[in-house]
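Please examine the sequence and the model below. The explanation that follows turns first to the pockets and then to a pair of strands.

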Amino acid sequence: MALAYSEHYTVRDYQLWEGDWELIYGAPYAMAPSPSISHQRIEKYIMLQMDQALKPCDNCEVLAEVDWQSSDDTVVRPDILIACNIQGEKLTKTPELIVEIVSPTSAKRDELTKFELYQQEGVKFYILAYPEEKVAKVYRLHEGRFIKEADFSNEQFDFKIKECDLSINFGQIWRD
């Protein structure tokens with residue numbers, strides 16, 4: 001009988017790698033080349049709304065393309081996140097909200113692997129934005145499980161991030 005063997009890497013290994021990688025539960029995932037222009041536009045429009053809404057909030061901020069180390073064998077780089085009470089230059093605290101802009105090459109990882117990871121780590125809100133369909137799926141953590149709030153195309157959704165109010169008008173992010 002043959003035994004199955006799988007590699008298991010740690011953050012220590014990850015720090016030695018060249019190129020762009022994510023490490024999820026010890027498994028390496030190569031990052032795609034730089035995002036498309038439409039991906040970057042959507043990212044920008046979401047971040048602008050979030051940044052404007054969070055101006056009065058001293059403890060929370062919007063970040064893009066930053067590594068989040070959730071454990072000794074997991075480092076991911078969400079497209080956008082909101083983190084509160086950040087200390088130091090490395091993000092190790094669970095973000096309040098994460099946005100992934102889904103492409104055909106990232107769909108499985110974003111919809112399955114990262115969905116489970118973010119749910120397990122206690123991310124309060126997870127948004128999957130689909131540029132081609134011009135729809136965003138918003139999930140809220142409830143009793144340890146992501147519950148789908150709705151699919152948004154032209155609607156606005158109001159979030160509560162710690163003590164801060166945040167609204168996203170999804171109709172404004174699909175501009176061509």
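In what follows, Ala, Val, Leu, Ile, Met, Phe, Trp, Tyr, Cys and Pro count as nonpolar, Asp, Glu, Lys and Arg as charged, and the others, Gly among them, as polar. The structure itself is a predicted model.

The largest pocket has a volume of about 530 Å³. It is lined by 26 residues, and those closest to its centre are Ala32, Pro33, His39, Ser103 and Ser106. Three elements give two or more residues to this lining, namely helix H2 (37-53), strand E7 (97-101) and helix H3 (107-121). Of these, H3 gives the most, with three residues. By class, the lining of the largest pocket comprises ten charged, nine nonpolar and seven polar residues.

The second largest pocket holds about 160 Å³ of space. Its lining includes Val11, Tyr14 and Gln15, the run Val66, Asp67, Trp68 and Gln69, and also Val75, Glu89, Lys90, Leu91 and Thr92. Here the elements that give two or more residues are helix H1 (11-14) and strand E4. Six residues of the lining of the second largest pocket are nonpolar, three are polar and three are charged.

Strand E4 also takes part in a strand pairing. E4 (residues 68-71) runs antiparallel to strand E5 (residues 74-76), and three bridges join the two. The connection from E4 to E5 is a hairpin of two residues. Among the bridge partners, Ser71 is matched with Thr74 in E5. In a regular strand, side chains alternate between the two faces of the sheet.

Definitions and conventions: Residues numbered from 1 in each chain as written. Predicted model: local features only at pLDDT ≥ 70, side-chain atom pairs only at ≥ 80, totals over all residues. Heavy atoms only, no water. Pairing = 2+ DSSP bridges. Helix = DSSP H or I, 4+ residues; strand = E, 2+ residues; numbered from the N terminus. 1 Å grid on protein atoms, 1.4 Å probe; cavity = no way out; pocket = protein on both sides within 12 Å on 5 of 7 lines; lining within 4 Å. Points joined across faces, edges and corners; volume = space filled by probe spheres on them.
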